[in-house]
Amino acid sequence: MKRLLLTRLLSVVPMLFFVSLFTFLLVRLTSTDPIAQILGQGASDADRAEYAQRLGLDRPLVDQFFGWIWSAVQGDLGNSLYTSLPVAESIADRFGVTLSLAIAGMLFALSVGIPLGIAGALRHGSRWDRLLTIVVSTGLAVPSIWLALLLSLAFAVTLRWFQVVGYTPFSESPLEWARGLVLPAVALGIHTAAVIARQTRSAMIEVLQARYIQALRARGLPRRQIVLRYATKNALVPVLSVIAIQMSVLVGVSFVIERIFAVPGLGTLLIDSVVRADFPVLQGTVIVVASVVLVVNLLTDVAYGLINPKVRPQ
Amino acid sequence: MAATITEDDESRAHTRLWQRLAQRPLALACIGYLLLLLAVAIAAPYIAPYDPLHPDIKSRLQGPGAAHWFGTDDLGRDTLSRLIFGARTAVLASLESVTFGVVVGVSIGLIVGYLGGWFDRIAMRVADVMQSIPAVLLALALIGVLGKGLANAMLAVGVIFSVSFLRITRAVVLAEKEQLYVDAARVLGLRTLSILLRQILPNIAAPLIVQASIALGTALLIEAMLSFLGVGIDSTQVSWGAMLETARQFQTQQPLLPIFPGLAITLSVLAFNLLGDTLRDVLLPTGATAPGNTERHVVPPQPVSTPPSSRTDTDALLQVSNLTVTAPRPGGGMAELLSDVSVHVMRGETLGLVGESGCGKSMTASAIMGLLPPAVHIAGGSIRLAGTELIGLSDDALRHVRGRRIGMVFQEPMAALSPVHTVGRQISDAVRAHTGLGRKQALARAAELLALVGVPDPHRRLQDYPHQFSGGMAQRVVIAGALACEPELLIADEPTTALDVTIQAQVLDLLMDLRQRLSMSVLLITHDLGVVADACDRVAVMYGGEVVETGSVRATFSRPRHPYTAALLAAMPRGEGIGTALATIPGRVPPAWAWPQGCRFHPRCAHATPSCRQAPSVLQDGVRCRRAGELNLAEAR
């Protein structure tokens, strides 16, 4: 197990390097000129050159890239071109918010998706299963932004069960913090819940036809035990890889959901940096988010090893 | 020559595709909706009642009314007109991004898949990197680089899609490259490019169409999201996503604002997704959906309708009498999988049940265990275990018979064990299902059982998973699980067939040894008459869902009375005859819905007469053959 963890951890390093290189090239080799954005199109060449020198944009690209990598390893992601605030600090302030939102969304999706998928598989072909299929298809098609609007209109504006907008930090009041996450997490998680329900259902249907399930019945095990202990664990193996992909989707969509509920996560920072071509912020955010996604993939692989003994190194 | 055949297959496949789509009303509804969407998008300037951008402050935030059917927004712009023009944006954006994704992804996939080597490795590394960045983030980053605007936004989305199209294409190319016909085409002198286009493109068409349909829906969702954020469209364009952004600001004043654009997005994405799902079912059949499983109707427990006609051996541990099992036949109606099957197993006796595959041996075992597949039912007969009728028992009552009184061993030991649970857990759960033992005691019992079946180092091996066992050892584990509660009857369904030849004898010896030590009865299902000769007291030969001959092994083997038994015996390899050709039985067992009229064996029988074709033979005196009295089959061997 330790060796599996270590090798997977080591493979993250080159991936991060490639992600950095990819974003760096993407950002620097394109025509949009940050200096023109900051100083305006009418700036003199002398001003431009001076500004470029100040920001280090006049150095050779290779120097810039390895310079950036070197500082990034030390935790310095540069400064924003507009606010001059350190990128690492801005990200650190907001990172926890986005992550807790994504995790809350995933927890909601798992707690809804897996039971629904199992229920559908157990009554495969029944009227209830067909209804469930329709619900799942709809869940896959509903845009989360619309869901967020409807949820906030119904439960925050009309029923007043939740705050309409705003965010309470965990340190201030854990209860209010959790309450503030409910609506965004539900809006975020429904699409993922539908994906997981669908995957669980088809995996479960396949598992229930397996010979070992028949063998368990032949040994006289109670049906409950066969379904909950044996079939579910086997069906979760393919579901796990879906969970890894969905975690990345959730982080992405949370940027949009944050905006609706005025939750101060990475989304606002990122969208501002996109609109203003604030490259250090953009690049820093991409790297941080990509690292999170890679770590989630790593954790999923480890969980995969825990649940599926075949991939464990002997 | 080869090309014409492919084209014929192609066009036939297409007609079938349309026919099959036509049978699915949901798919037709989706296609209808999407065509309507396309028509609305094209005709938007002609059918929209108002200019979607024209503000009219006097009538702002109105509800649905005669002038504005769907109401107006914060600037008094007509919601219906904006929806219609929004359809234009949505269709354009989806088509742009998916077309870009298909063109780029397929071309790169074709190239790297075909060239392989470094090209392939670099391309796949880039694909990995791009997939480790969330799609929305990548789109935002690309917009940050390319600049705002719908075209750029959807180009960014197209770049993301191209990764999944690249993967599909590459996988197909790699698979097809292995295929002989590409090599054959190369030998024929076709140029590389034409090989790619002519041979591989038709093969990636199906998965590509499915993926593209779902990607269109996803593109629509992402377009809405980007427009909602204000990075997708500029102010001269209308988008459903941007309408939702307006709704966000003013929904407390006009709660109807979010309804229409949200519904439009949901319906359109739903149509793309459902169409994609249907296309996947039609174009990429996996065979995972067994037709029998969809119609799981619970059949009321069958009363014992037919009185046992044959001699009832009251001492018999297992008495199966006149068992008939039916299943729906593919074209409609019912097929008899088992007809009037009667066998019995005495206490301490081993009965061999033999016949070719498809003759109903395993079905008989499943019926006894009460584990018939969902669509298969018992239509009549009786199954008694020590005098107790099993047919009609509730599943819970049967549960106490299965595992406790009847144990079962399966053909493929690896398939009969859950791959993600330790063998200790699987055996101890079987023990605990029938006893009040705690976990620790049950594990100790499981170790005893493993020792009993000859697994070395049983305590340590309890923690192992099935894949850590060899085939023969895994079968010992399955046997241990079946013996958990020392059943009176052990049903062994081809217990040695899937094993190595060298292991077969060991496992068979083990079974025979256990039968002695635990004084069990055994129902041994096999197609290997050598096994029957070694291990069984009596034998029942099955053909076409019927018992055709029963008797003691010694008598039956030395003097077979049914031509099928004689043919099986003639096909049996015997040690001395090395070099002599084995006799084979011409033809094969027909499927259950096509049993021949008359005697079911007559088309393959060397001794069939016209009367065999007309009336079915009956089981009389242990043999189901009207010519049993006149034939001397012992000599024919």
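The paragraphs below lead through chain B, from its domains to its sheet, one residue of a helix, and its contacts with chain A.

The model is a predicted one, and a convenient place to begin is the division of chain B into domains. The domain assignment gives domain 1 of chain B as residues 17-53 together with 67-283, and domain 2 as residues 316-539. Taken over C-alpha atoms, the centres of domain 1 and domain 2 of chain B are separated by 53 Å.

We turn next to a sheet of chain B. Here 6 strands form an open sheet with mixed pairing, and following the order of the strands takes the reader through E6-E7-E8-E3-E9-E10. At the edges stand strand E6 (406-409) and strand E10 (546-552) of chain B, each of which pairs on one side only. From one strand to the next, the twist averages 15 degrees. In general, strands of a sheet pair through backbone hydrogen bonds, and the pairing may be either parallel or antiparallel. Strand E3 (residues 350-354) and strand E8 (residues 521-526) of chain B run parallel and are joined by 5 bridges, and a reader looking for a point of reference along E8 of chain B may take B:Ile525, which stands opposite B:Leu353.

Two helices can then be placed on the strands. Helix H12 (residues 361-369) of chain B lies across E3, E6, E7, E8 and E9 of chain B, and its direction makes an angle of about 145 degrees with E7 of chain B. Helix H17 (residues 471-482) of chain B lies across E6 and E7 of chain B, running at about 170 degrees to E6 of chain B.

A single residue, B:Glu245, gives a closer view of another part of the chain. B:Glu245 belongs to helix H9 (residues 240-250) of chain B, and it counts as buried because it has 20 C-beta neighbours inside 10 Å, where 20 or more are required. When neighbours within four places in sequence are left aside, B:Glu245 is in contact with B:Phe228 and B:Gly230. Computed along the sequence B:Thr79 is 166 residues from B:Glu245, while in space the two are 14 Å apart, C-alpha to C-alpha.

The last step is to the neighbouring chain. In the model, 68 residues of chain B are in contact with 64 residues of chain A. On the side of chain B that touches chain A, the largest share, 9 residues, comes from helix H5 (residues 135-146) of chain B. Sorted by class, this side of chain B has 40 nonpolar, 18 polar and 10 charged residues.

Key
Residues are numbered from 1 along each chain as its sequence is written. Chains are lettered from A and ligands numbered from 1 in the order in which they are written. This is a predicted model: local features need pLDDT of at least 70, side-chain atom pairs count only at pLDDT 80 or more; totals for chains, interfaces and linings use all residues. Domain bounds come from an automatic or database domain assignment. Two strands pair if DSSP finds at least two bridges between them. Helices (H or I, at least four residues) and strands (E, at least two) are DSSP runs, numbered from the N terminus. Axes are lines fitted to C-alpha atoms, for helices over the stretch in contact, and angles run from 0 to 180 degrees between N-to-C directions. Two residues are in contact if their C-beta atoms, placed from the backbone, lie within 7 Å. A residue is buried if 20 or more other C-beta atoms lie within 10 Å of its own, exposed if 12 or fewer, and partly exposed in between; C-beta atoms are placed from the backbone. Ala, Val, Leu, Ile, Met, Phe, Trp, Tyr, Cys and Pro count as nonpolar, Asp, Glu, Lys and Arg as charged, and the others, Gly among them, as polar.
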